[in-house]
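Got your viewer open and a selection tool ready? Let's take a walk through this protein, one stop at a time.

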Amino acid sequence: MAKIVLGVTSSVSIYKACEVLRGFQKAGHEVQVILTPNAAKLVSPLLFNSLSGRRTIVELFDEDHPWSIAHVALAKEAALLVVAPATANIIAKFAAGVADDFLSTFYLAADAPVLIAPAMNEAMVLHPQTRDNMNRLRRRGVEFVEPAKGYLACGDEGWGRLAEPEVIVRRGLELLRRSLSLDGRTVLVSAGPTREYLDPVRFLSNRSSGKMGYEMAREALARGAKVVLVSGPTHEVPPARAELVPAETAADMKKELLKRFPKSDIVVMAAAVADFSFPGQSGRKIKKQALSGDLKIAPTPDILKALGERKKGQFLVGFAAETDDLEANAVKKIKAKRLDLIVANDVSGPGIGFDADENQALLIDAGGRVRGTPKMSKRELSRVIWDVIEASLGQRS
Ligand code: CTP
């Protein structure tokens, strides 16, 4: 039994929220309702009290009930947040991070998966501002049950009708299952670039931002895995609950990954390891006059290859950054590094790959099956990659 938080906002379809609540209860879950103050003008919280068997939360500051800290306590317990019906206003508030009522404050405090079922007039749902807000939330991992076409409260026919309660419940239950799909597994993720120092000031590195690896770690956590994130230097905020292990050079990264490899079930090598380092690195800053035009470089260890050689049942995922012959080059890397899956991306395309928020990839497994993805946010791509990893693991067992 999980605790599901049902956010209910002020749409005429508010009565359907009762069926959504019932649907989750029938599936064996406990439901805590949060009504926005405007929704509480349409229906009494008492209705939801009696259906849920719990006191419905309306106000952020309530003299009789100290809800002001309850959003934090509830955020820790919640396994899923479903907002049905969701107005354009609550979607805009979530997208902008406005926290001026209990529901929007709870959204910011909670780490659980979020499902939103919008309900509004057609012009509002199709307004570019609403579409922008929805896309912004999608990029952060929020999922939507799109509104249907039909008769609307304003008397019009059109898009904006709340999806059927059973569709919302089914999708919510899927998200709940997915939030536990990696439960009990240890996932080791590497991310970001490495830096290979010439002296204390100068180094060789690459354009990696670490975003893809961080999103892979974030999504693994969202699916219930224990996550160790070995990270090169990045400006990304590490996901809460991941064990963060900083590693600056390829040699550091190799050491940290090899140490943790035997206890890992799945390894995602998203780091862009610098291919060369400077042998005989100086401990003192080299004066520029002393630097000749020809610097000696030596290859760094191929960490992924070393992991492939030591593989004992771990599922090994590599990444391939290519500008030419994407598929053929990626397939060669699967064989050379004994991978189970490779995520290949063309880093010559504008707006994708290195340091971009979006990516587009070919996912190729060891059996040669190739799946292409459209351009999407790195968060959404991480979900596609984890779905493929889980499907492959399912076929193994
Ligand atoms: N990799 C690694 N150690 C290295 C270089 C790469 O572990 N020294 C890993 C990367 O993390 C990635 C995969 O190998 O998961 C492929 O990296 P990529 O840079 O695409 O390929 P390389 O093996 O470096 O080959 P090339 O640069 O010739 O394409």
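Here is a tour in a few stops, with something to select at each. Keep in mind as you go that this is a predicted model.

**Stop 1: the two domains.** Select residues 3-178 and give them one colour: that's domain 1. Now pick 186-396 for domain 2. Over C-alpha atoms, the centres of domain 1 and domain 2 are 37 Å apart.

**Stop 2: where the domains meet.** Zoom in on the place where domain 1 touches domain 2. Here 7 residues of domain 1 are in contact with 9 residues of domain 2. How much area do domain 1 and domain 2 bury between them? About 680 Å², with 41% of it on carbon and sulfur atoms. On the domain 1 side, show D111, R139 and R178 as sticks: these lose the most area to domain 2, and together they make up 66% of what that side buries.

**Stop 3: charges across the interface.** Side chains of opposite charge can pair when their charged atoms come close. Between domain 1 and domain 2 there are 2 salt bridges. Keep D111 on screen and add R241: their side chains meet in a salt bridge, at 2.9 Å from N to O. The two domains also have 3 residue pairs in polar contact, counting pairs with both residues at pLDDT 80 or more. What kinds of residues does domain 1 bring to the side that touches domain 2? There are 6 charged, 1 polar and no nonpolar ones.

**Stop 4: a closer look at R241.** Stay with R241 and look at its backbone. R241 sits in the loop between β11 (226-231) and β12 (243-246). Its phi is positive, about 80°, although R241 is not a glycine.

**Stop 5: a salt bridge inside domain 1.** The whole structure has 28 salt bridges. For one of them, select R171 and E143, whose closest N and O atoms are 2.6 Å apart. R171 is in helix α9 (residues 165-178) and E143 in strand β5 (residues 143-144), so this pair ties together parts that are 28 residues apart in sequence.

**Stop 6: two rings.** Searching the whole structure turns up 2 aromatic pairs. Select F94 and Y107: why is this pair called stacked? The ring centres are 4.1 Å apart and the planes are at 10°, under the 30 degrees cut-off, so F94 and Y107 count as stacked. F94 belongs to helix α5 (residues 88-96) and Y107 to helix α6 (residues 102-109), so the pair ties together parts 13 residues apart in sequence.

**Last stop: a cis peptide bond.** Finish by selecting A84 and P85. A cis peptide bond joins A84 and P85, with omega about -5°. You'll find P85 in strand β3 (residues 80-86).

Technical notes. Residues are numbered from 1 along each chain as its sequence is written. This is a predicted model: local features need pLDDT of at least 70, side-chain atom pairs count only at pLDDT 80 or more; totals for chains, interfaces and linings use all residues. Side-chain values use heavy atoms; hydrogens and water are left out. Domain bounds come from an automatic or database domain assignment. Contact means heavy atoms within 4.5 Å. Buried area is the accessible area (1.4 Å probe) that two parts lose on being put together, summed over both. A salt bridge is a side-chain nitrogen of Lys or Arg within 4 Å of a carboxyl oxygen of Asp or Glu. A polar contact is a pair of N or O atoms within 3.5 Å; within protein, one must be able to donate a hydrogen and the other to accept it, and residues adjacent in sequence count only if both atoms are side-chain atoms. Ala, Val, Leu, Ile, Met, Phe, Trp, Tyr, Cys and Pro count as nonpolar, Asp, Glu, Lys and Arg as charged, and the others, Gly among them, as polar. Rings of Phe, Tyr and Trp (its six-membered ring) pair if their centres lie within 6.5 Å; planes under 30 degrees apart count as stacked, over 60 as edge-to-face and the rest as tilted. Helices (H or I, at least four residues) and strands (E, at least two) are DSSP runs, numbered from the N terminus.
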